[in-house]
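Work through the exercises below with the model open beside you. Each task is followed by a solution in steps.

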Amino acid sequence: MIEVRVGIIGAGMISERHMVIYENMKQYAQQVGFTAKVVACAEINPERLRAWGEKYGLPEKDLYTDFREMLKRDDIDTIDVCVHNNLHVPISIAVMKAGFDCYCEKPAAASYHDAKLMIDSAKKLGRKFHVQISSLMSPQTRMARDMIAEGKLGTPYYVNLEQCVRRRRPGYDLPEFSRDFYSKRVAGHGTSIDLGIYVIGQILFVLGMPQLKSVNGFARRGVDIDERLLAGTEGFGVEDICDGFAKFENGIGFHYLSTAANNYKDYSMTYILGSKGGLEILDTDMAGGKLGFPGMVRTYGAEPELRFYGDLQGRQVAVDLKCDENGLLEQRLDPRMLLYNDNQMMWLAYKLGILTEETRYNTPEIALNQLLFTDGIFLSEELGREVKAEEIRALSPELFIREQQIGTELVKYDVDC
């Protein structure tokens, strides 16, 4: 049995979800041949760090207010980065430069430019790098991908993806979340990328990673803000609506609409149209995966499912594909499927060489292509016209944070490798 020793950077809300997953993984250790043990945590807020250490039983010697001190240890196997969007780049690159393979919370970054910097750094440094995209790790996604690859839909030609809510702006409507979610400096953008990586990433993956051709987009903050509810001096700097239409080189059209606040009802609608059939994608996972819940009982949202529309022996049908039910059977028949049903399981299997570059899901590349599309939406809004993929790559902005106050020191990050 292999035990992977993990250090976590960031003791906020997302680290709590990761800790639940590490705990729930233990029951499968015999089947997959490995488990994980979190042995250290770094967090710049001393009170939060102390509370985190008490909750998870880590002694004071394993708690760090400066993550760079934790990276000096030689008894840690890998680092799990749980900080906010625009800190992913400098901290993940610092982790890899210190000699560690790196697992990073989603989104990879806030722009294509920044995500590519991380991927290029991993290649230059010879490190393994993986991004959390739980929506990929479900029978729903595998079944959709396989049906499309096997031609069950014929030729896919159009995708519609809408994820819209009335009032769910993290940190503002949902005060239990950090105010960093609406800081332009820290978050970069709103839920269009933070949750968009789940739904856009899933679509790109099931379609076989088509190459982007062009984007026409609309993005802004449309709903009024009550300044009395804001914390700090930075204001509400991210969009609450993001709408884009993409064309891919293979001819597929893709419409994406995301709202974090609107004067309408909550709804979601995702479907893929093909020449012979269509798929409705229901309840895509955007909560970190099934292992991310205490006792593995999903506390919000339904299990991800699929519905097929098409021809069966000359009759038009709508068929529920029972993804969760069939996925449980699949896992019983082949315990290896556990590695494809959770991000952290896949990451550790990849870290250990159980999964290779060819057999793991290439989450950094999926995240990079998601950001190419969403960057295109923002660039199109800025320029007032359709933009081509090569323009987006050339004009994608640097958004990551280059300096951060850690204790009494202003740390300037060096991302050159």
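The exercises treat a predicted model and cover strands, crossovers, enclosed space and cysteines.

**Exercise 1. Side chains of a strand**

Determine which way the side chains of strand β5 (residues 101-104) point, and whether they are buried or exposed.

*Solution.* Start from the general pattern. In a regular strand, side chains alternate between the two faces of the sheet. Now check the residues. Asp101 and Tyr103 point one way from β5. Cys102 and Cys104 point the other way. Then apply the cut-off: buried means under 20% relative accessible area. All of these β5 residues are buried.

**Exercise 2. Neighbours and crossovers**

Find the strands that pair with β5, and give the handedness of the connections.

*Solution.* Take β4 (residues 78-81) to begin with. It runs parallel to β5, and four bridges join the two strands. Val81 stands opposite Cys104 in this pairing. Next, follow the chain. β4, helix α5 (residues 88-97) and β5 form a β-α-β unit, and the unit is right-handed.

Turn to β6 (residues 129-131). This strand and β5 pair in the parallel sense over three bridges. Here Tyr103 stands opposite His130. Helix α6 (residues 112-125) carries the chain across from β5 to β6, and this β-α-β crossover is right-handed.

**Exercise 3. A cavity and a pocket**

Describe the largest cavity and the second largest pocket by volume and lining.

*Solution.* Rolling a probe the size of a water molecule over the atoms shows where empty space is left. Count cavities of 30 Å³ or more: the structure holds one. The largest cavity has a volume of about 100 Å³. Its lining has 14 residues, and Pro170, Phe181, Gly190, Thr191 and Val238 lie nearest the centre. Sort the lining by class: seven nonpolar, four polar and three charged residues.

Now the second largest pocket. Its space is about 300 Å³. It is lined by 21 residues, with Met137, Pro139, Lys290, Gln331 and Asn341 closest to its centre. Helix α11 (residues 323-333) gives the largest share of this lining, four residues. By class, the pocket lining has nine nonpolar, six polar and six charged residues.

**Exercise 4. Cysteines**

State how many disulfides the whole structure has, then examine Cys164.

*Solution.* The search finds zero disulfides. For Cys164, the nearest cysteine sulfur is that of Cys242, 11 Å away. The cut-off for a disulfide is 2.5 Å between sulfur atoms. Cys164 is therefore in no disulfide. Finally, check burial. Cys164 has a relative accessible area of 3%, so it counts as buried. Cys323 is buried too, at 0%.

Methods
Residues numbered from 1 in each chain as written. Predicted model: local features only at pLDDT ≥ 70, side-chain atom pairs only at ≥ 80, totals over all residues. Heavy atoms only, no water. Buried < 20%, exposed > 50% of the residue type's maximum accessible area, 1.4 Å probe, protein only. Pairing = 2+ DSSP bridges. Right-handed = clockwise from strand over helix to strand, strands pointing away. 1 Å grid on protein atoms, 1.4 Å probe; cavity = no way out; pocket = protein on both sides within 12 Å on 5 of 7 lines; lining within 4 Å. Points joined across faces, edges and corners; volume = space filled by probe spheres on them. Nonpolar A, V, L, I, M, F, W, Y, C, P; charged D, E, K, R; others polar.
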